[in-house]
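Here is a friendly walk through one chain, with an eye on its empty spaces and a few of its packing details. Have the viewer open as you read.

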Amino acid sequence: MFGYAELWRADPEAWRASATAWRVLAARLARRGAELAVAAADLRAEWFGAAGEAADRRLASLSGPCDAAAADCLATDQVLAELAARLSAAKAALVAAVTGLVHPLVRVDDQGRVTVAAPEPRPDPDALAAARRTEEGIRAALDLAGAADAEAARRLGELAAAAAAGWPMERPPDSPPCDAEPGMVRGWWDSLTDAQRRWLVVWAPALVGRLDGLPAAARDRANRILLTAVPGAATARLSERLATGGAPRAYLLGLDVAGDGRAIVAVGDPDRADHVLSYVPGAGTGLADLPGELWRVERMLERAAALAPDRAVAGVLWLDYDAPDLITDAARASYARDGGPALHRFQEGLRATHDGPAHLTVVAHSYGSLVVGATARDLGLAADDVVFLGSPGVGVRHATELGLPADHVWSSTAANDPIQRLAPSLVQVAREVAIGALVPAAA
């Protein structure tokens with residue numbers, strides 16, 4: 001358990017740096033495994049007979065362990081990165097408790113004891129209330145740190161036990177289809193042994209990486225292994241972002257390089273967050289745009305942390321649909337309908353993988369609004385709140401048709417957003433006509 005002074009001294013950046021070192025090592029191992037796999041494929045095409053088969057077996061015996069070691073390093077990285085994130089949140093909550101509830105008569109000593117200086121016989125009621133709030137805030141921060149420490153110790157202990165046993169792997173007897181219902185997928189995963197789960201991450205990463213209902217940590221390990229075997233400028237930028245990327249840690253939950261490319265990237269572990277934000281971008285978005293779209297997610301998380309430093313919040317960039325490339329394409333609803341099943345399944349997966357209650361919010365921008373609206377209307381959407389930004393329309397006439405209470409549906413746009421010109425309101429038209437009559441046109 002963390003004490004008051006110990007939490008003040010805690011250095012989340014040191015844990016974060018250690019996590020990054022494990023992540024870099026994992027990337028190197030995965031790259032070497034990919035290189036060996038390519039070499040084996042080249043040999044199979046040119047070298048036949050007993051010697052060729054022996055060489056193929058030898059290369060396979062080397063590439064597989066590289067991927068396995070990479071997955072193990074990533075598992076350690078995940079634990080340390082989440083510990084760093086949760087300790088950062090705990091320290092922020094402690095600072096808020098001690099400095100944010102200032103009262104001239106309240107004192108906090110270096111052991112975290114809260115006292116009220118009361119020269120009068122009767123203590124000041126406001127001071128007593130402030131002292132209670134400070135004590136509660138300190139206790140909550142210490143509880144956060146203690147829970148983070150206990151969970152990290154448990155998970156690292158499990159990894160150490162697996163290492164001592166030689167990292168056993170066992171092929172499971174079956175696997176669900178990629179479009180299986182997430183609750184069923186979660187039940188199947190829970191029925192497996194650790195050795196079977198590890199085999200799947202190493203030898204069936206394409207399956208693990210795309211199955212909604214599997215833990216984010218497992219999908220991240222599988223997809224990072226897959227990413228090393230995919231060359232290209234867009235994937236290189238993604239790899240760079242995943243290798244370091246600062247805090248919180250990023251989780252690669254989906255990857256498809258066909259066409260403009262698709263990806264699902266979480267900032268923070270959604271399975272352990274109190275609040276999870278899913279952001280659906282709009283038209284013209286592809287894998288090459290991922291850094292900029294992730295920047296939007298990170299800005300939203302920064303604001304959330306400022307408003308509630310004691311709450312764990314994760315953000316997901318959900319770019320798992322074929323976004324229209326041109327504004328003329330965006331006039332068609334077919335892109336939204338085609339993307340609906342994947343979004344529905346992903347949000348259901350967030351519910352399925354979370355052991356406790358989590359508040360799910362979906363934020364949609366531009367054409368993404370139609371994707372979210374059509375999904376909620378036709379298939380249902382696992383979300384507690386939905387936010388539409390710069391929306392050209394969501395496919396319904398009233399918020400209640402989205403399957404959520406109307407007061408949990410939000411909409412906003414910027415005054416200079418061109419999307420407004422697609423379907424301006426009468427009030428907006430009247431306002432702009434009036435402004436045009438008063439302001440001379442530019443020469």
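How many cavities of 30 Å³ or more does the structure hold? There are three of them. Please keep in mind that this is a predicted model.

**The chain as a whole**

The chain has 443 residues, and 44% of them count as buried. Its secondary structure comprises 13 helices and nine strands. Measured out along the principal axes, the C-alpha trace spans about 95 × 65 × 45 Å. Among contacts between residues at least 6 apart in sequence, 71% join residues at least 24 apart.

**The enclosed space**

The largest cavity has a volume of about 70 Å³. Its lining includes D212, G213, L214, A216 and R219, and L253, P270 and D271 are also among the lining residues. F346, G349, L350 and T353 belong to this lining too. Two elements give two or more residues to it, namely α8 (216–227) and α11 (334–353). Of these, α11 gives the most, with four residues. By class, the lining of this cavity has six nonpolar, three polar and three charged residues.

**The open spaces**

Now to the pockets, set side by side.

| Pocket | Volume | Lining residues | Classes in the lining |
|---|---|---|---|
| Largest pocket | about 970 Å³ | 32 residues | 15 nonpolar, four polar, 13 charged |
| Second largest pocket | about 700 Å³ | 27 residues | 14 nonpolar, two polar, 11 charged |

Which residues lie nearest the centre of the largest pocket? They are R155, E158, D194, R197 and R221. The elements that give two or more residues to the lining of this pocket are α3 (49–99), α4 (125–164), α5, α6 and α8. Helix α8 therefore deserves a second look in the viewer, as it is named for the lining of the largest cavity and for that of the largest pocket.In the second largest pocket, A85, A89, R311, A312 and V313 lie nearest the centre. Here the elements that give two or more residues to the lining are α3, α10 (290–307) and β6 (313–319). The largest share, six residues, comes from α3.

**Two helices in contact**

Two packed helices are described by the angle between their axes and the distance between the axes. For helix α5 (residues 182–191) and helix α6 (residues 194–203), the angle is about 115° and the axes are 8 Å apart. On the α5 side, the contact is made by W188, W189 and D190, which meet R197, L200 and V201 in α6. These residues divide into four nonpolar, no polar and two charged. R197 also appears among the residues nearest the centre of the largest pocket.

**A hairpin to finish**

Is strand β3 (residues 250–256) mostly covered or mostly uncovered? The strand is mostly covered, with five of its seven residues buried. Strand β3 runs antiparallel to strand β4 (residues 262–267), and six bridges join the two. One bridge pairs D256 with R262 in β4. Together, β3 and β4 form a hairpin with five residues between them. In the turn, G259 has a positive phi of about 60°. L253, which falls within the range of β3, is also one of the residues lining the largest cavity.

How values were computed:
Residues numbered from 1 in each chain as written. Predicted model: local features only at pLDDT ≥ 70, side-chain atom pairs only at ≥ 80, totals over all residues. Heavy atoms only, no water. Axes fitted to C-alpha atoms, helices over the stretch in contact; angles between N-to-C directions. Contact = heavy atoms within 4.5 Å. Nonpolar A, V, L, I, M, F, W, Y, C, P; charged D, E, K, R; others polar. Buried < 20%, exposed > 50% of the residue type's maximum accessible area, 1.4 Å probe, protein only. Pairing = 2+ DSSP bridges. 1 Å grid on protein atoms, 1.4 Å probe; cavity = no way out; pocket = protein on both sides within 12 Å on 5 of 7 lines; lining within 4 Å. Points joined across faces, edges and corners; volume = space filled by probe spheres on them.
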